[in-house]
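Me: Please take a close look at the interior of this model. I want to know what packs there and how the surrounding elements are arranged.

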Amino acid sequence: MRLGFHLSIAGSLRRAVDQAQVLGCEALQIFVQNPRGWKWRPVAPAAVRDFCRARGLAGLGPLVVHLGYLPNLATADPALYALSTERLSRELELARALQADYLVVHPGHGPLGEASFAQVARALALAVSQVPPPPLVLLENTAGQGQELGWRITHLERIITLSRVPLGLCLDTAHAHGAGYDLSCPPGIARLLADLARGPGLDAVKIVHLNDSRVNCNSRRDRHWHLGQGAIGLPGLRHLFSHPWFKPEAAIMETPKPHQAYEWYNLLVARSLVPGTVLLAAGETK
Ligand SMILES: [Zn+2]
Ligand SMILES: [Zn+2]
C-alpha cells in the first residue's frame, strides 16, 4: 500500500509535489482551489504542466484531489445546490487536467433519507457524465456531525446505486470511529468490513484516509489525531491494516501539522502498519 499526506498547495501546485518528496511520500492528496472559498482562481496551463511533470518525475501516485468544503450536494437550498454542482464539475475538470486518479467528495448535509441520497446521486451522475474518466469520484464516509450524511456505509451504497455511474469509496478511519464503528477492537473492524462487503464491496475502497481520532467512538464528531495517540490506537489500526479483506491502493494521512516532526512521526507509524514493509536505512534503495 502506498502512503502519503494531504499537502498544501499554498503558493503553487508544484509546492505540494516538492513537499511530498521531502517527506518521502509515494501518494499525494491536494485541494485544487481554496477549500473555504467560492472564488475560482484560474490555474495557468504552465502551472498544470509544471505540476504534472514534477509529479511524474517524483513517481507520486495515486494523486487524489479532495473537493473543497463549501459545496453541499444534499442541500435543500436550490441556489446553493446550483453553486455546489457547478463547483463539483469545475474541480473534477481541473483534477482531470492535473491527471488526478481520484476526486474525493463528501455526500453533504441534508435530511437523512432516500430523497437526499437521490439528490446527491443526481449531482454526481451529472458531473461524472460531463467529464471523461479518469478521475474516478470517491464518496467519503463521514462522522455524521449535525445533518451530515454518509456516516453509515448503507448511505454511501444507496448514493452509488442511485447514481448509476461508476463511483468508488474513500474510507476515513477517524470518521468511521466517530460514526460508531469501533476501530479500536476487532469486532468493530469486522462490522465495518462486513458492511462494506455486503454493500458497495471491498473493491470499491480505493483510498483510506488514515487518521486516528481525538474523540470517542460514536461521538458523531470529526477530530483527526496523530496515529496511535487517539481513541483508535495502534492495535486497532494494525488489525485493520493486516486484515486480508482490506486492500486500498493508498493511505493518505490528514493528521494535524503543528510541526513537520509530526509528519515524520505519522509516516513512520503508517509504514509500520503496512504488512511486509521493511524500513530502509539512509542510502539504501528499494
Ligand atoms: Zn474528506
Ligand atoms: Zn475529517
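Reply: Start with I252. In this predicted model, I252 touches G4, F5, H6, A27, Q29, V64, I207, H209 and L210, leaving aside residues up to four places away in sequence. Of these, G4, F5 and H6 fall in β1 (2–6), while A27 and Q29 fall in β2 (27–30). V64 sits in β3 (63–66).

I252 also belongs to the largest nonpolar core, which has 77 residues. I252 is among the members with the most contacts inside that core, along with L103, V104, L138, I207 and A251. I207 thus appears twice: as a contact of I252 and as one of these well-connected core members. Helix α4 gives the most to this core, with seven residues.

Now the strands. Eight of them form a closed barrel, in the order β1-β2-β3-β4-β5-β6-β7-β10, and the pairing is parallel. From one strand to the next, the twist averages 25°. L103 and V104 lie in β4 (102–105). L138 lies in β5 (residues 136–140). Take one pair in detail. Strands β5 and β6 (residues 168–172) run parallel and are joined by three bridges. At the end of β5, E140 stands opposite C170 in β6.

Next, the helices. Helix α1 (residues 13–23) has buried residues L13, A16, V17 and A20. These cover an arc of only 100° around the axis, so they lie on the same side of α1. Their cover includes β1, β2 and α2 (45–58). Recall that β1 and β2 also supply contacts of I252. Just past α1, G24 has a positive phi of about 85°.

Helix α3 (residues 78–97) lies across β3 and β4. Relative to β4, α3 runs at about 155°.

Helix α5 (residues 153–163) is largely enclosed by the rest of the structure, because eight of its 11 residues are buried. Those are I153, H155, L156, E157, R158, I159, I160 and S163. The list holds charged side chains, E157 and R158, as well as I159 and I160. What do the buried residues of α5 pack against? They pack against α4 (114–130), β5, β6 and α7 (186–198). So α5 meets the β5 and β6 pair described above, and α4 is the helix that gives the most to the core. After α5 comes R164, with a positive phi near 55°.

Terms used
Residues numbered from 1 in each chain as written. Chains lettered and ligands numbered in written order. Predicted model: local features only at pLDDT ≥ 70, side-chain atom pairs only at ≥ 80, totals over all residues. Pairing = 2+ DSSP bridges. Helix = DSSP H or I, 4+ residues; strand = E, 2+ residues; numbered from the N terminus. Axes fitted to C-alpha atoms, helices over the stretch in contact; angles between N-to-C directions. Contact = placed C-beta atoms within 7 Å. Buried ≥ 20, exposed ≤ 12 C-beta atoms within 10 Å, placed from the backbone. Arc of directions from axis to C-beta. Core = buried A, V, L, I, M, F, W, Y, C linked by C-beta atoms within 7 Å.
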